[in-house]
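Hi there,

Here is the structure I promised to pass on to you. Have a look at it first, and then read my notes below.

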Amino acid sequence: MVVIGGSAGSFPLMGTIFSHLPKPYNYPIIVASHRLKHIRHGFVEALNLKSSLEIIEPLDKEKILPGKIYLAPANYHMSIEPGYYISLTTEDMVLSSRPSIDITLSSTGEIYGKGTLGILLTGANKDGAYGMKKINDFGGTTIVQDPATCMVDTMPKSAMAITEIDHVMNVDSIINTLKAINR
Amino acid sequence: MYKFDITYAQIIGFFDELKFKTKIDIKVYSLGAIKRIIGGYMDKHDIEGLDELIRWLTINPGNKNSFMKALIPDKTEFFRDPGVWRYLKSELPRLVKEKGVIRILDLGTSSGEDLRSLLIVLNDINLRDKVEIVACEKYQIKINELKEGLFNGKKLEPSINNYKRYNEGKFDDLIDQSIEEDSFTLKMDLINDVVFKTYDLAFERAFGEFDIVLCRNIMCYYSMKKSRPIYKTLSDFIKKDGLLLMGVQEGLTNSFYNRDFKCLNEEYKVFQKTR
């Protein structure tokens with residue numbers, strides 16, 4: 001299971017990453033990104049233009065399948081439940097965000113354990129740091145975008161400050177890693 | 001995220017003890033949601049573990065009441081998903097013309113923003129006297145709170161944006177300017193003729209039939225297993241040809257009863273009962 005979080009500056013990077021992933025891809029990819037909550041359209045459509053894999057904004061309780069990319073919908077928190085399905089809820093914002101990257105990352109880490117690869121990209125607040133710590137705690141592998149290559153480095157640096165990150169990479173290396181695990 | 005992290009395994013183990021000692025049954029909830037709701041509650045009250053939470057809940061009825069209220073997440077804002085309310089604004093006159101008077105049920109009224117958004121829509125189209133509304137919530141304490149009509153100030157900004165997208169209007173015009181710090185009330189409160197009822201969708205049968213049922217972002221808080229029988233209750237609440245409005249990321253695909261409905265509007269998740 002691959003889970004990716006990102007905020008300011010991460011949208012074009014996600015497009016680049018998804019455009020390089022081979023089809024078929026053996027794992028599901030879960031994505032939480034800060035976004036304008038009243039804009040429901042355009043985000044997933046724009047990413048789909050670049051990706052060979054299908055990117056969807058799932059409905060609540062949608063079963064998770066390999067080879068699909070699940071993008072947290074605007075104004076919903078997205079978590080993974082035992083039984084490997086998506087849960088979408090509307091409770092309070094976390095770190096001023098709904099979707100919360102922490103919620104998506106931490107629940108994925110808890111459900112998939114050491115089978116989790118967590119990736120945190122550029123972003124302007126510390127959302128995602130706790131989630132990366134939980135992925136680490138549950139035995140998963142963590143990658144942050146090299147802060148030197150970030151538009152805003154607060155997000156990866158916050159994660160590095162509270163947990164031991166396995167790999168610090170630029171986007172090309174992240175793409176190569178995602179290709180390599182598919183072999 | 002929270003001072004005391006709760007795992008899925010811990011929360012599953014906690015269900016039976018909580019029910020045994022407090023009679024509060026949380027087994028029906030989605031695990032992720034209930035874990036976060038409890039984590040947030042424990043943070044707010046400086047409770048450092050699930051055993052301490054049990055002790056806290058059994059010390060006095062006030063603690064138990066505050067916990068029960070916390071189990072019902074607030075509606076996030078007024079006119080959430082503005083297109084849904086535009087849809088209702090355009091469809092309600094036709095329905096009233098066909099049926100004379102229509103009955104609307106708001107399931108899981110919670111903090112009441114959906115209910116009041118509906119009332120504002122009805123007021124806009126001068127149809128309040130043609131619509132009977134029943135609003136349900138699980139606990140009377142929550143109903144008492146929502147009747148007071150005091151809303152968290154954090155909801156103001158998204159509500160202003162939503163209202164603008166609903167009808168180009170100024171939400172500020174609806175607000176009582178004598179607002180308290182960090183909270184606000186509406187100038188006109190239209191809930192006087194609403195029938196409020198304590199009702200638990202997870203455990204009780206349908207108590208009537210309605211032309212329109214609002215059940216927006218409610219089913220997502222139930223577990224996969226529990227949601228299946230609840231869809232039967234939902235279906236029982238709706239008259240043939242009646243409408244069901246769910247949250248925009250909810251659906252009926254997990255339901256055995258989806259064959260009873262056709263989707264009238266995929267974007268706003270409006271379903272019509274066909275048999």
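**Around A:Ser97**

Leaving aside its neighbours within four places in sequence, A:Ser97 is in contact with A:His34, A:His77, A:Asn125 and A:Asp127. Please keep in mind as you read that this is a predicted model. If you want to find A:Ser97 on the screen, go to the loop of chain A that runs between β6 (85-89) and α3 (101-112). Is A:Ser97 buried or exposed? Its relative accessible area is 7%, and the cut-off for buried is under 20%, so A:Ser97 counts as buried. The side chain of A:Ser97 also reaches back to the backbone oxygen of A:Leu95, at 3.1 Å.

**Two cis peptide bonds in chain A**

Most peptide bonds are trans, which makes the next two worth a look. Staying in the loop between β6 and α3 of chain A, you will come to A:Pro99. The bond that joins A:Arg98 to A:Pro99 is cis, with omega about 20°. Another cis bond runs from A:Lys23 to A:Pro24, and its omega is near 5°. You can find A:Pro24 in the loop between α1 (10-19) and β2 (29-33) of chain A.

**Two positive phi values in chain B**

Most residues other than glycine have a negative phi. Now turn to B:Asn217, where phi is positive, near 55°, although the residue is not a glycine. B:Asn217 sits in the loop between β6 (210-215) and α9 of chain B. Its relative accessibility is 8%, under the 20% cut-off, so B:Asn217 is buried. B:Asp241 is not a glycine either, and its phi is positive at about 75°. This residue belongs to strand β7 of chain B, residues 238-246. How accessible is B:Asp241? With a relative accessible area of 39%, which falls between the 20% and 50% cut-offs, B:Asp241 is partly exposed.

**Where the chains meet**

How many residues does each chain bring to the contact? Chain B brings 35 residues and chain A brings 32 residues. Together the chains bury an area of about 2800 Å², and carbon and sulfur atoms give 50% of it. On the side of chain B, B:Met1, B:Tyr8 and B:Gln249 supply 28% of the area that this chain buries against chain A, more than any other three residues.

There are four salt bridges between chain B and chain A. In one, the side chain of B:Asp5 meets that of A:Lys134, at 3.0 Å from N to O. Across the interface there are also 23 residue pairs in polar contact, counting pairs in which both residues have pLDDT 80 or more.

Which elements of chain B give two or more residues to the side that touches chain A? They are α1 (8-22), α2 (31-44), α8 (156-167) and α9 (224-237). The most comes from α2(B), which gives five residues. Sorted by class, the side of chain B that touches chain A has 14 nonpolar, eleven polar and ten charged residues.

**How confident the predictor is**

For chain B the mean pLDDT is 93, and 99% of its residues reach 70 or more. For the complex, the predictor gives an ipTM of 0.94 and a pTM of 0.95.

Happy exploring, and write back with any questions!

Definitions and conventions. Residues numbered from 1 in each chain as written. Chains lettered and ligands numbered in written order. Heavy atoms only, no water. Contact = heavy atoms within 4.5 Å. Buried area = accessible area lost by both parts, 1.4 Å probe. Polar contact = N/O pair within 3.5 Å; in protein donor to acceptor, adjacent residues only side chain to side chain. Helix = DSSP H or I, 4+ residues; strand = E, 2+ residues; numbered from the N terminus. Nonpolar A, V, L, I, M, F, W, Y, C, P; charged D, E, K, R; others polar. Buried < 20%, exposed > 50% of the residue type's maximum accessible area, 1.4 Å probe, protein only. pLDDT = per-residue confidence, 0-100.
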